[in-house]
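Student: I would like to go through a protein model step by step, and to learn how each conclusion is reached. Could we begin by looking at the sequence and the structure together?

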Amino acid sequence: MRHQQSERHPRRLFASIANKASQAAGRASTFILACAVVVIWAIVGPLFHFSDTWQLVINTGTTIVTFLMVFLIQNSQNRDSAAIQVKLDELIRTGSVQNSFVGIEHLSADELEELRARCEERAKAVAAERTSSRRRRTSRSRDDAGG
């Protein structure tokens with residue numbers, strides 16, 4: 001039990017930091033700050049005679065930020081995807097749809113494609129049946145009105 005809690009603490013800490021950082025990264029003020037850094041860097045270019053060091057500063061900074069943002073974005077996407085999956089699973093479980101769809105995110109790409117194709121076929125069949133049913137009702141209405 002103690003091992004589980006000690007393992008959860010770093011995960012919770014990372015999740016908390018990642019959540020706050022991704023929220024901060026998505027703000028307009030953060031974008032404006034990043035633009036300001038680039039403008040300042042460009043303005044000071046002549047002072048440093050556009051040297052290799054001057055270029056290295058922006059290249060290193062943007063590389064580090066990009067590297068770290070990849071992990072933050074992936075973490076956010078993983079959490080969002082997991083939350084959506086749980087919500088969909090709960091809707092499927094409590095609704096009148098097929099419970100066999102719970103957990104399909106674990107299928108291979110080929111299996112998912114096959115399932116998607118079958119769902120599309122069923123959807124087209126239902127749409128065709130509705131169209132046919134409407135035509136029959138419209139035809140009956142005309143017959144009743146005319147007869």
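Student: In which helix is F67 found?

Tutor: This is a predicted model, in which local features need pLDDT of at least 70 and side-chain atom pairs count only at pLDDT 80 or more, while totals for chains, interfaces and linings use all residues. Residues are numbered from 1 along each chain as its sequence is written, and side-chain values use heavy atoms, with hydrogens and water left out. Helices are DSSP runs of H or I with at least four residues, numbered from the N terminus. The run that covers residues 52-94 holds F67, and this is helix α3.

Student: Is F67 buried or exposed?

Tutor: Buried means under 20% relative accessible area, exposed means over 50%, and partly exposed lies in between, with a 1.4 Å probe and protein chains only. F67 counts as exposed because its relative accessibility is 53%.

Student: What is the accessible area of the nonpolar patch that I64, F67, L68, V70 and F71 form together?

Tutor: Patches are made of residues with over 30% relative accessible area and no salt bridge, where nonpolar side chains (Val, Leu, Ile, Met, Phe, Trp, Tyr) are joined within 5 Å and like charges within 9 Å. Accessible areas come from the Shrake-Rupley method with a 1.4 Å probe. For I64, F67, L68, V70 and F71 on the surface, the accessible area together is about 500 Å².

Student: Which residue joins E113 and E120 through salt bridges?

Tutor: A salt bridge is a side-chain nitrogen of Lys or Arg within 4 Å of a carboxyl oxygen of Asp or Glu. The side chains of R116 and E113 meet at 2.2 Å, N to O, and the closest N and O atoms of E120 and R116 are 2.4 Å apart. Because E120 and R116 are 4 residues apart in helix α4, about one helical turn separates them. Salt bridges that share partners join E113, R116 and E120 into one network, and the partner of both E113 and E120 is R116.

Student: What is the phi of H49, and where does this residue lie?

Tutor: Most residues other than glycine have a negative phi. H49, however, has a positive phi although it is not a glycine, and it is exposed because its relative accessible area is 67%. H49 lies in the loop between α2 (28-43) and α3, and its phi is near 55°.

Key. Helix = DSSP H or I, 4+ residues; strand = E, 2+ residues; numbered from the N terminus.
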